Amino acid sequence: MVIVLIALSIFVLSAFPADSGVVNSISVQPRLVTNLLPSLQETAADESLIQDVLTGSPPGAGQPEQEWTVYDPFPSGIPLDWLGPVSDNLRFAIDLSGRFEWNSQRREWGISQFYGFDLFKVFSGKEGDWGTLLLQGFATRINNVQPHPWFFDGPTDWEFVYRIFNFNYTGLAGGRFNIKVGHFEMPFGLEMLIDTNGTLRNVDLARNLGIKADWGVTVNGVLEHVEYEIGLGRGSGNEWHASGSPYEFVGRIGTSRSEPWVFGVSGFYGDLYRPNVPGNTIHRRRLGFDVSWFGAPVDIMSQISFGLDGEDTVVNSLIELGWRPASETTLFYLQLRQDSRQFDPEWSTQIQTRLGFQWAVDNHWVLSGEWVQNLTNYQSLPADTTFRMQIRYRF
Amino acid sequence: MNGIQRLIPIVVAFFMCVVLPEQASAQAYCALRDPVREVYQLFPQGDRYRTLTATVGPEHRENLSQQLPFTIHFNEFGRHSLYEVFQSGRTAGIIHVRSERGRWGLVEICWALDLNMKVLGFQFQRCRDPQASKLMEGPFPQKLKGMGFDQLKQELSLVESGGEVPADQRALAITILKSGLKTIALTEDVWRDELSEMRARPFAESVFGSEVVSESSELQPIPVPEVGFKLEFKGEWAVRNKSGDSIGTLILTSIDLAGLKGDLWWAIDSERRLKRIDCQGGWPDERSMTAFKQLESRRISDFSDCATAAELAAEAVLEQQESP
């Protein structure tokens, strides 16, 4: 069904190409010039020079070109101008990807497929912007994927997944105090600094908190030295469930991400919906700190959080070393993760490394891979290995 | 599982076929962020801003390469945003963020410009060059303030020839200057209509007083006498006072003559007299200014009365204004 819809969309968009717009200018071609221009007719020496500068070969031509080439990082491959006023401040892309993973213990392949769209629109009036709509919806197919997010019925299933699906009202204070309503990403830790939606690379948000995005409301904004987002959510994640009265409070306050050093403090408190547990909720609390340094071609990002999973005390930490060549089309990263929990009275720890890359082949294709190695695992579980590869195409 | 195993070589082969030797990145839109912090740092009195997204296409590359004093390999096609910053409801200036490739990765530069495309300031939204802080603490950022396209071009020549900026900061300074030139040229070209709208109001207010409202009206293609040089009508605005009475008209034209190439603003009063003629960004020389300024307060209604190119242009403009 989804494939049919996508094919239909492509056909419709191909059948109605971009309009060149209304003609509102008139060109008057030269003809009667010479004897009617006494005041501007005589060409002085300096005028010839001006003409040369305006139309001649520019001095300095021949310098290396590629150094000055940077692509639009947010391409909207489908022509939108034919939509008329609707296309104002609109970006739209179809986003397709396939993910393949192999685990050394299971010795089987798991495959995930994502067929979705990404829409971004700024609503604006004559006196300024007043809102931003961001919709990302993905028909998601998993085949033999274990473990899988709890809202899938099994290791092989279809689900429509809302990644970010919200409206941010920005009309109150010009971006400094906004109100967001809809499906929002948890503002916690390093997740606020990087985009991990649909990427192999992630910063452990979903596993740590038990939820990555939720339906609800946040207040958010950017001040001169501080960025913040504080939200209240339903506590049920991808779908709205009220059974067991789930909820969560979550928020992060951090320094500006434009600086080389970025610091943040985050908090999370909630009861999260789970269909198969007594009372239909699990309890999570976290207090987190993150510190990042962005310098030269190297990034170092780190976070630590403490809290409770039900009655169990939990301590998580993550440090990532990232390296990008000057073109920044490729990212190599090495993560070290530690996750300790106290199963009364014993502590158990998982230590994991992740070595991965992301390669933006062009402004449509992204290829990425990741090697996940558990160095020690919980309660003597085997130290298994997982390889993942992902192909993503946006247009 | 046999099916999956058969699928993998096909997928790998497919990808080997589509690998392209180009550089880019395709990010999801959730990573899009407005330069909120930079807007209010560069315009401390600003209170709101408006996003103006436009599509940059191959035709803009052609125009850009005509203007820039260096060769480009411009592939930034796609949707780009310009931000109009307001202060108490009036345009205080514009912001445009450009990504340039530097020695230490991408440099994101947030440019603040006035409506005449002069630099009000710039800030790094992102820069990992270790020389960045030294360059910003020196006289370089202050020196760029007030510069337009031509001055930035001169400054670029100066820096490239080894002047003014310390050697270890020179590469970053050149990146900034080239970014500034591209920003001005691209903004003028891509957001031409939006800039005209922004410029119309202060021009109307300077001619007709501070309490006017200007409304743009779409120009229709109409026959125009052949004046013998390139003249293009680009916009027309009805000017009204607060009571809603019409008190004049603004017309924007582009003109291309020897020694004068640019946009001209024409203010016409309700009696169809030329009230003021201004060249966008300033007159290039005294001669051009005199040729047009001497027409102010005049009515030119007959083609045969015209003795100069300026008068021919004025006659065409007044005829355009009189047309229904």
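Strands S1 (residues 48–56) and S2 (residues 78–87) of chain B pair in the antiparallel sense over nine bridges; two strands count as paired if DSSP finds at least two bridges between them. Strands themselves are DSSP runs (E, at least two residues), numbered from the N terminus. The structure is a predicted model, in which local features need pLDDT of at least 70, side-chain atom pairs count only at pLDDT 80 or more, and totals for chains, interfaces and linings use all residues. Residues are numbered from 1 along each chain as its sequence is written, while chains are lettered from A and ligands numbered from 1 in the order in which they are written.

Within this first pairing, Arg50(B) has Glu84(B) of S2(B) as its bridge partner. Because seven of the nine residues of S1(B) are buried, this strand is largely enclosed by the rest of the structure. A residue is termed buried if 20 or more other C-beta atoms, placed from the backbone, lie within 10 Å of its own.

A further set of strands in chain B centres on S9 (residues 260–269), a mostly covered strand with seven of its ten residues buried. S9(B) runs antiparallel to S8 (residues 246–257) of chain B, and ten bridges join the two. Here Leu264(B) in S9(B) is the bridge partner of Thr253(B). Two residues separate S8(B) and S9(B) in a hairpin, where the turn residue Gly259(B) has a positive phi of about 85°.

S9(B) is also joined by five bridges to S10 (residues 274–279) of chain B, again in antiparallel fashion. Trp266(B) stands opposite Ile277(B) of S10(B). These strands, S9(B) and S10(B), form a hairpin with four residues between them, and Arg272(B) in that turn has a positive phi of about 65°.

Definitions and conventions. A residue is buried if 20 or more other C-beta atoms lie within 10 Å of its own, exposed if 12 or fewer, and partly exposed in between; C-beta atoms are placed from the backbone.
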